[in-house]
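Work through the exercises below with the sequence and the coordinates open. Try each task before you read its solution.

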Amino acid sequence: MVSIEKFIENIPKTELHLHIEGTFEPELMFEIAKRNQKKIPFNSVAELKSAYKFNNLQEFLDIYYAGANVLIKEQDFYDLTWAYLTKVHEQNVVHVEIFFDPQTHTDRGVSFDTVIKGIHSALEDGKERLGITYKLIMSFLRHLDEASAFKTLEQSLPYKDWISGVGLDSSEVGNPPSKFEEVFKKSRKEGFLTVAHAGEEGPATYIWEALELLQVTRIDHGNRCLEDNKLVKQLASSQMPLTLCPLSNLELKVVSNLKEHPIVKMMAENLLVTVNSDDPAYFGGYMNENYIGIANALDLSKEQIAELVKNSFIASWLPKQEKEKRILEIDQYLTKNS
Ligand SMILES: Nc1ncnc2[nH]cnc12
Ligand SMILES: [Zn+2]
């Protein structure tokens with residue numbers, strides 16, 4: 001009989017919550033820093049890795065933005081994205097919907113064009129050479145003001161065909177979705193789909209705001225919905241997807257132990273939950289490690305894993321026919337491997 005680990009490794013998967021800047025592995029960071037003659041305030045990969053201990057989201061974000069500082073040229077963004085794609089290709093990820101944070105780069109003088117051209121060409125190469133299909137999501141930084149998000153939206157318009165949606169990330173508490181109501185309205189008018197991080201550290205009211213004011217098609221994280229019964233019922237009846245990130249939750253102390261992760265409780269509430277890696281270079285695991293982590297901690301069955309993987313295809317922005325094909329493929333995989 002196939003082990004649960006092998007079952008997870010070989011099942012075709014999709015990832016819906018991934019920050020490309022969060023895939024920046026220390027080895028590549030040192031390599032790019034060197035060729036750009038940029039300093040990293042650490043002497044070695046090991047020293048840098050030992051700094052990856054976080055008590056909350058903000059402690060992580062401070063290191064994450066510092067790491068991104070060495071990315072300057074189009075080739076850097078290409079190499080970052082290509083490294084992620086080759087890694088997840090080994091993990092049988094077949095479709096990705098990934099975030100990039102333009103303001104992290106434009107605010108330090110790197111042009112929007114440089115960032116998006118590097119990421120886009122790696123994604124195109126990934127489609128052609130690795131068979132990984134993709135959608136790109138431009139995320140606004142919520143610790144900055146709405147005027148800055150509007151400026152970013154303007155910069156993105158020449159590249160509209162390359163970007164499928166907009167998102168909202170960075171420091172959550174004190175920066176509610178309502179702060180970005182107008183820029184999301186304009187984004188929807190321009191044809192972008194919308195998603196937002198909500199209920200990771202912020203309260204359930206932020207999830208309501210993301211639904212009602214930003215009209216999102218998915219909630220990123222959403223853990224704290226469980227504090228509001230009416231909200232849980234609403235999310236379940238609408239089958240609004242939640243993109244959960246178990247290892248991120250563990251590393252950022254959203255949960256104290258993977259055994260306490262709410263994913264099973266959420267499945268029991270009929271919520272459309274999905275498994276994702278968020279910032280794998282910082283949180284100790286890509287897609288397989290996230291699935292294996294919760295499978296072992298919560299004693300998940302192969303049926304439950306297959307359900308989670310199917311949820312992700314349902315929650316994706318793939319065309320209906322493509323989703324149906326993937327779901328059928330998973331059902332066949334389960335039959336063959338259970
Ligand atoms: N987990 C997370 N929450 C909010 N913003 C982020 N940016 C990168 N990872 C993030
Ligand atoms: Zn995230």
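The exercises that follow concern a predicted model.

**Exercise 1. The ligand shell**

Task: List the residues around ligand 1 and sort the shell by class.

Solution.
- Step 1. Collect the shell. Around ligand 1 lie H19, G22, L57, Y64, D169, S170, H197, E200, S248, D278 and D279.
- Step 2. Sort the shell by class. Five residues are polar, four are charged and two are nonpolar.

**Exercise 2. D279**

Task: Place D279 in the chain, and decide whether D279 is buried or exposed.

Solution.
- Step 1. Find the element. D279 sits in the loop that runs between β8 (273-275) and α14 (280-283).
- Step 2. Count neighbours. D279 has 23 C-beta neighbours inside 10 Å. The cut-off for a buried residue is 20 or more. D279 therefore counts as buried.
- Step 3. List contacts, leaving out residues up to four places away in sequence. D279 touches H19, G22, Y64 and S248. These four also appear in the shell around ligand 1, as does D279 itself.
- Step 4. Check the record. An unreviewed UniProt entry carries the annotation "binding site" at D279.

**Exercise 3. Two positive phi angles**

Task: For S170 and N270, give phi, the place in the chain and the burial class.

Solution.
- Step 1. Take S170. Its phi is positive, about 85°, although S170 is not a glycine. S170 is in the loop between β4 (165-169) and α9 (181-189).
- Step 2. Classify S170. It has 21 C-beta neighbours inside 10 Å, so S170 counts as buried. S170 is also one of the residues around ligand 1.
- Step 3. Take N270. Its phi is near 65°, again positive in a residue other than glycine. N270 is in the loop between α13 (263-268) and β8.
- Step 4. Classify N270. It has 13 C-beta neighbours inside 10 Å, so N270 counts as partly exposed.

**Exercise 4. From β4 to β7**

Task: Trace the strand pairing from β4 through β5 and β6 to β7, and give the handedness of each β-α-β unit.

Solution.
- Step 1. Start with β4 and β5. They run parallel and are joined by two bridges. G165 stands opposite L193 in β5. With α9 between them in the unit, β4 and β5 form a right-handed β-α-β unit.
- Step 2. Go on to β5 and β6. Four bridges pair them, in the parallel sense. V195 is opposite R218 in β6, and A198 is opposite H221 in β6. β5, α10 and β6 make a β-α-β unit that is right-handed.
- Step 3. Finish with β6 and β7 (residues 242-244). They too pair in the parallel sense, over two bridges. D220 has T243 in β7 as its bridge partner. β6, α11 and β7 make a right-handed β-α-β unit.
- Step 4. Check the cover on β5. Five of its six residues are buried, so β5 is mostly covered by the 20-neighbour cut-off.

**Exercise 5. The packed side of α10**

Task: Which residues of α10 are buried, and which elements do they pack against?

Solution.
- Step 1. List the buried residues. In α10 (residues 204-212) they are A204, Y206, I207, E209 and A210.
- Step 2. Recall helix geometry. An α-helix has 3.6 residues a turn, so residues three or four places apart point the same way.
- Step 3. Name the partners. The buried residues of α10 pack against β5 (193-198), β6 (218-221) and α11 (229-238).

**Exercise 6. Two lysines**

Task: Give the helix, the burial class and one C-alpha separation for K302 and K49.

Solution.
- Step 1. Take K302. It is in α16 (residues 302-315). K302 has 19 other C-beta atoms within 10 Å, so K302 is partly exposed.
- Step 2. List its contacts, leaving out residues up to four places away in sequence. K302 touches I4, F7, L334, N337 and S338.
- Step 3. Give the separation. K302 and Q58 are 244 residues apart along the chain, and their C-alpha atoms are 35 Å apart.
- Step 4. Take K49. It is in α3 (residues 45-50). With 16 C-beta neighbours inside 10 Å, K49 counts as partly exposed.
- Step 5. Give the separation. K49 and K253 lie 204 residues apart in sequence, and 18 Å apart from C-alpha to C-alpha.

Methods: Residues are numbered from 1 along each chain as its sequence is written. Chains are lettered from A and ligands numbered from 1 in the order in which they are written. This is a predicted model: local features need pLDDT of at least 70, side-chain atom pairs count only at pLDDT 80 or more; totals for chains, interfaces and linings use all residues. A residue is near a molecule or strand if its C-beta atom, placed from the backbone, lies within 6 Å of it. Ala, Val, Leu, Ile, Met, Phe, Trp, Tyr, Cys and Pro count as nonpolar, Asp, Glu, Lys and Arg as charged, and the others, Gly among them, as polar. A residue is buried if 20 or more other C-beta atoms lie within 10 Å of its own, exposed if 12 or fewer, and partly exposed in between; C-beta atoms are placed from the backbone. Two residues are in contact if their C-beta atoms, placed from the backbone, lie within 7 Å. UniProt positions are given in the numbering used here, feature names are shortened, and annotations may be inferred rather than shown by experiment. Two strands pair if DSSP finds at least two bridges between them. A crossover is right-handed if, with the strands pointing away from the viewer, the path from the first strand over the helix to the second runs clockwise.
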